[in-house]
Amino acid sequence: MGLHPLEFSECYLDSPAFRDKIKAHEAELDKTGRFIKELYKDGKNLINATKRKCQVILSLKLVSVFSQHVVQPMQLEYNR
């Protein structure tokens, strides 16, 4: 459902149809405002969750499998 455009010339008449259009526009603006507030809140929660996850990951002492097993060069002995 699209909103009907508001014509500046209609505001002089102040007809019931114009008032209905105004109410529809106000309701749509309220709905959009609530959606934006909810979107902002969700974005903020996502950022905070990401920060917490990064802090947890950074606090872990991650040790690579390869750093525990250092490959030593093999000493080959030749039988003479």
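**Group meeting talk: a three-helix model**

At 36% relative accessibility, Asp14 counts as partly exposed. Hi everyone, I wanted to open with that residue, and I'll come back to it in a moment. Before that, please keep in mind that what you see is a predicted model.

Let me set the scene. The protein has three helices and zero strands, and from the N terminus on its elements run α-α-α. Of its 80 residues, 2% are buried. The protein exposes about 8,300 Å², and 62% of that comes from carbon and sulfur atoms.

Back to Asp14, then. You will find Asp14 in the loop between helix H1, residues 10–13, and H2. Its phi is near 50 degrees, which is a positive value in a residue other than glycine. Asp14 also has a partner: its side chain meets that of Arg19 in a salt bridge, at 2.5 Å from N to O. Arg19 is partly exposed as well, with a relative accessibility of 47%.

That brings us to charges in general. Side chains of opposite charge can pair when their charged atoms come close. How many salt bridges does a search of the whole structure find? The search finds three. Besides the one at Asp14, the side chains of Glu10 and Lys21 meet at 3.2 Å, N to O. Glu10 lies in helix H1 and Lys21 in helix H2, so this pair ties together parts that are eleven residues apart in sequence. Glu38 and Lys41 also form a salt bridge, with 3.8 Å from N to O. Both Glu38 and Lys41 sit in helix H2, three residues apart, or about one turn of the helix. Glu38 is partly exposed at 39% relative accessibility, and Lys41 is partly exposed too, at 44%.

Now for a residue I like a lot: Phe18, in helix H2. Is Phe18 buried or exposed? With a relative accessible area of 11%, Phe18 falls under the 20% cut-off, so Phe18 is buried. And what does Phe18 touch, leaving aside residues up to four places away in sequence? The answer is Leu6, Glu7, Glu10 and Cys11. You may recognise Glu10 from the salt bridge with Lys21.

Glu7 deserves a word of its own. Glu7 lies in the segment before H1, and at 40% relative accessibility Glu7 is partly exposed. The C-alpha atoms of Glu7 and Phe18 are separated by 8.7 Å, with their positions eleven residues apart along the chain. His4 and Phe18 are 14 residues apart in sequence, and their C-alpha atoms are 9.8 Å apart in space.

On to the aromatics. The count comes to one aromatic pair. The rings of Phe8 and Tyr12 have their centres 5.7 Å apart and their planes at 80 degrees, so the pair is edge-to-face. Both Phe8 and Tyr12 are exposed.

Last stop, the surface of H2. Phe35, Ile36 and Leu39 form a nonpolar patch there on the surface, and together they have about 340 Å² of accessible area. Ile36 lies in helix H2, which spans residues 16–59. Ile36 has a relative accessible area of 51%, and counts as exposed.

That's my tour. Thanks for listening, and I'm happy to go back to any of these spots on the screen.

Technical notes
Residues numbered from 1 in each chain as written. Predicted model: local features only at pLDDT ≥ 70, side-chain atom pairs only at ≥ 80, totals over all residues. Heavy atoms only, no water. Phe/Tyr/Trp six-rings, centres within 6.5 Å; stacked < 30°, edge-to-face > 60°. Buried < 20%, exposed > 50% of the residue type's maximum accessible area, 1.4 Å probe, protein only. Patch = residues over 30% accessible without salt bridge, like charges linked within 9 Å, V, L, I, M, F, W, Y side chains within 5 Å. Areas by Shrake-Rupley, 256 points an atom, 1.4 Å probe, with all protein chains shown as cover. Salt bridge = Lys/Arg side-chain N within 4 Å of Asp/Glu carboxyl O. Helix = DSSP H or I, 4+ residues; strand = E, 2+ residues; numbered from the N terminus. Contact = heavy atoms within 4.5 Å.
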